[in-house]
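Colleague: Could you take me through one spot in this model up close, and then work outwards from there? I'd like the cut-offs spelled out as you go.

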Amino acid sequence: MKLHWSPRSPFVRKVMIAAHETGLVDRLTCVRTVVAMTAPNAALLPDNPLSKIPTLVLDDGSPLYDSGVICEYLDTLHDGSKLFPADPKVRWIAVRRHALGNGLLDLLILWRNERERAQPSQAHLDAYAVKYKAALDVLEKETPAIAATPFGIGHIAIGCALSYADFRFADLNWRAEHPQLAAWHKSFSQRPSARATEAVEG
Ligand SMILES: N[C@@H](CCC(=O)N[C@@H](CS)C(=O)NCC(=O)O)C(=O)O
């Protein structure tokens with residue numbers, strides 16, 4: 001399978017962590033694909049009309065996106081512990097955490113774009129800061145439950161979002177007010193799947 005990939009995309013990282021966790025990483029051929037919100041990649045459009053990565057192309061040529069769909073697909077290809085649990089008692093918690101991690105990532109990417117504009121909108125910057133703080137406060141409260149749940153798609157999304165905050169927003173210093181979350185993120189970062197997929201500045 002071909003994966004449109006980039007080393008610094010946090011959404012691609014979700015898929016790569018899922019592939020490592022499920023033992024499927026060797027089935028992926030990663031193809032470096034450059035994307036930017038302001039510059040649609042014409043070569044990617046046939047596989048993904050939204051010009052976003054990650055995009056997976058199956059062996060029969062059919063595409064799959066976005067990161068959540070790709071992770072759910074990979075989860076059907078192995079017999080180990082599932083990233084998307086089947087039991088409704090835990091499934092809806094896992095997919096809600098997945099949505100929170102994804103939403104936090106979307107917000108951080110928009111925030112970064114806004115603050116790099118020549119004339120950023122203060123209203124947008126302020127709103128991003130409020131939502132970011134609210135999300136981290138919720139995660140801090142939920143950390144004991146997150147830590148007690150078998151590793152899955154929610155952990156992947158939340159871990160990738162926090163790592164992206166470190167990577168692009170080092171100035172936020174989120175650990176100071178979120179000590180439980182910081183301790184959990186440390187253990188996430190030490191997983192072999194996380195270590196193998198860390199973003200590097202360049
Ligand atoms: N909801 C999508 C978001 C993917 C996404 O925003 N990827 C970024 C790279 S980290 C991208 O492709 N940006 C290019 C664009 O927005 O045009 C997913 O989960 O895969």
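Modeller: Sure, let's start with Asn102, which sits in helix H3; helices here are DSSP runs (H or I, at least four residues), strands are E runs of at least two, and both are numbered from the N terminus. Keep in mind that this is a predicted model, where local features need pLDDT of at least 70 and side-chain atom pairs count only at pLDDT 80 or more, while totals for chains, interfaces and linings use all residues. Residues are numbered from 1 along each chain as its sequence is written, and side-chain values use heavy atoms, with hydrogens and water left out.

Asn102 counts as buried, because its relative accessibility is 16% (buried is under 20% relative accessible area, exposed over 50%, partly exposed in between, with a 1.4 Å probe and protein chains only). Skipping neighbours within four places in sequence, Asn102 is in contact with Phe11, Lys14 and Ala157, contact being heavy atoms within 4.5 Å.

Now go to Leu104. With neighbours within four places again set aside, Leu104 is in contact with Tyr132, Ala135, Leu136, Leu139 and Ala161. Leu104 is also among the residues with the most contacts inside the largest nonpolar core, along with Leu56, Leu108, Tyr132, Ile156 and Trp174; that core has 50 residues. By nonpolar core I mean buried Ala, Val, Leu, Ile, Met, Phe, Trp, Tyr and Cys residues joined through side-chain atoms within 4.5 Å. Two or more residues each come from H1 (10-21), H2 (67-75), H3 (88-115), H4 (122-148), H5 (153-168) and H6 (179-189), and H5 gives the largest share, 8 residues.

So what does H5 do with H6? They pack at about 100°, axes 10 Å apart; axes are lines fitted to C-alpha atoms, for helices over the stretch in contact, and angles run from 0 to 180 degrees between N-to-C directions. That makes H5 roughly perpendicular to H6 (65 to 115 degrees; under 35 is roughly parallel, over 145 roughly antiparallel, the rest oblique). On the H5 side you'll find His155, Ile156, Ile158, Gly159, Cys160, Leu162, Ser163 and Asp166, meeting Leu181, Trp184, His185 and Phe188 of H6. That contact splits into 7 nonpolar, 4 polar and 1 charged, where Ala, Val, Leu, Ile, Met, Phe, Trp, Tyr, Cys and Pro are nonpolar, Asp, Glu, Lys and Arg charged, and the others, Gly among them, polar.

Last, the cysteines: there are 0 disulfides, a disulfide being two cysteine sulfur atoms within 2.5 Å. The sulfur of Cys71 has its closest cysteine sulfur in Cys160, 8.6 Å away, too far for a bond.
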